[in-house]
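The report below works through one structure, moving from a pocket to the salt bridges and then to a helix and its surroundings. It is meant to be read alongside the coordinates.

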Amino acid sequence: MEQYVDGYVLPVPNDKIDAYREMADEAGKLWVKHGALEYFEGVGDDMEPDMDGMTIRTFPQLTETGEDESVVFSFIVYESREHRDEVNAKVMEDPAMDAENLDEEMPHDPERMTYGGFRSIVSHAK
């Protein structure tokens with residue numbers, strides 16, 4: 001099956017990682033409830049990998065992460081782009097997404113988040 005993935009990379013202040021995790025946990029439940037196949041959020045751990053001399057751009061460079069911030073890498077897996085659009089429409093219609101229900105301040109700066117939708121060209125699974 002050719003799956004579709006929405007991917008995100010963003011910096012999160014270190015003192016807001018727990019608040020971000022809680023927000024992401026609720027978001028993950030919401031996306032899966034409405035049909036996403038998988039929802040993943042991870043915080044940077046090995047951000048300066050040894051690539052045996054190969055020059056690379058690291059995630060902290062990509063996100064211009066400050067000393068007091070961590071990189072979060074996230075993805076949501078769907079059956080297809082059409083399925084992604086259907087799931088996201090359902091999520092946006094869910095009462096949990098009403099502004100009145102989102103009374104907490106975002107634990108990150110949304111303007112610094114990078115996002116993209118990706119069609120599968122290679123996929124292996126166990």
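Helix H1 provides eight residues to the lining of the second largest pocket, which is the largest share that comes from any one part. The model is a predicted one, and in it this pocket has a volume of about 220 Å³. Its lining counts 13 residues in total, and those that lie nearest the centre of the pocket are Tyr20, Arg21, Ala24, Glu41 and Gly42. Besides helix H1, which spans 17-33, strand S2, spanning 38-43, also supplies at least two residues of the lining.

Helix H1 also holds a charged pair, and with it the account turns to the salt bridges, of which the structure holds six. Glutamate 26 and lysine 29 form one of them, with 3.7 Å between the closest N and O atoms. Because these two residues stand three residues apart in helix H1, about one helical turn separates glutamate 26 from lysine 29. Three of the salt bridges are set out in the table, each with its N to O distance.

| Acidic residue | Basic residue | Closest N to O distance |
|---|---|---|
| Glutamate 26 | Lysine 29 | 3.7 Å |
| Glutamate 69 | Arginine 112 | 2.6 Å |
| Aspartate 85 | Arginine 84 | 2.8 Å |

What parts of the chain does the pair of arginine 112 and glutamate 69 tie together? The side chains of arginine 112 and glutamate 69 meet in a salt bridge, at 2.6 Å from N to O. Arginine 112 belongs to the loop between helix H3 (81-93) and strand S4 (114-119), whereas glutamate 69 belongs to strand S3 (residues 69-78), so the pair links parts that are 43 residues apart in sequence. With regard to solvent, arginine 112 counts as partly exposed because its relative accessibility is 29%, whereas glutamate 69, with a relative accessible area of 16%, is buried.

The salt bridge between aspartate 85 and arginine 84 brings their closest N and O atoms to 2.8 Å. Here aspartate 85 is partly exposed, at a relative accessible area of 41%, while arginine 84 is buried, at 9%. Asp6 enters the picture as well, since salt bridges that share partners join Asp6, Arg84 and Asp85 into one network.

The remaining topic is helix H2 and the residues around it. Helix H2 covers residues 59-63, and threonine 63 lies in it. Is threonine 63 buried or exposed? Its relative accessibility is 5%, and because buried means under 20% relative accessible area, threonine 63 counts as buried. When residues up to four places away in sequence are not counted, threonine 63 touches Val9, Leu10, Pro11, Val71 and Arg112; this last residue is also the partner of glutamate 69 in the salt bridge described above.

Phenylalanine 59 has its place in helix H2 too, but with a relative accessibility of 35% phenylalanine 59 counts as partly exposed. Phe59 takes part in a nonpolar patch on the surface, formed with Phe40, Leu62 and Phe73, and these residues together have about 330 Å² of accessible area.

Threonine 58 is placed in the loop between S2 and H2. Threonine 58 is buried, with a relative accessible area of 9%, and, once neighbours within four places in sequence are left aside, threonine 58 is in contact with Met47 and Glu48.

Definitions and conventions. Residues numbered from 1 in each chain as written. Predicted model: local features only at pLDDT ≥ 70, side-chain atom pairs only at ≥ 80, totals over all residues. Heavy atoms only, no water. Helix = DSSP H or I, 4+ residues; strand = E, 2+ residues; numbered from the N terminus. Buried < 20%, exposed > 50% of the residue type's maximum accessible area, 1.4 Å probe, protein only. Contact = heavy atoms within 4.5 Å. Patch = residues over 30% accessible without salt bridge, like charges linked within 9 Å, V, L, I, M, F, W, Y side chains within 5 Å. Areas by Shrake-Rupley, 256 points an atom, 1.4 Å probe, with all protein chains shown as cover. Salt bridge = Lys/Arg side-chain N within 4 Å of Asp/Glu carboxyl O. 1 Å grid on protein atoms, 1.4 Å probe; cavity = no way out; pocket = protein on both sides within 12 Å on 5 of 7 lines; lining within 4 Å. Points joined across faces, edges and corners; volume = space filled by probe spheres on them.
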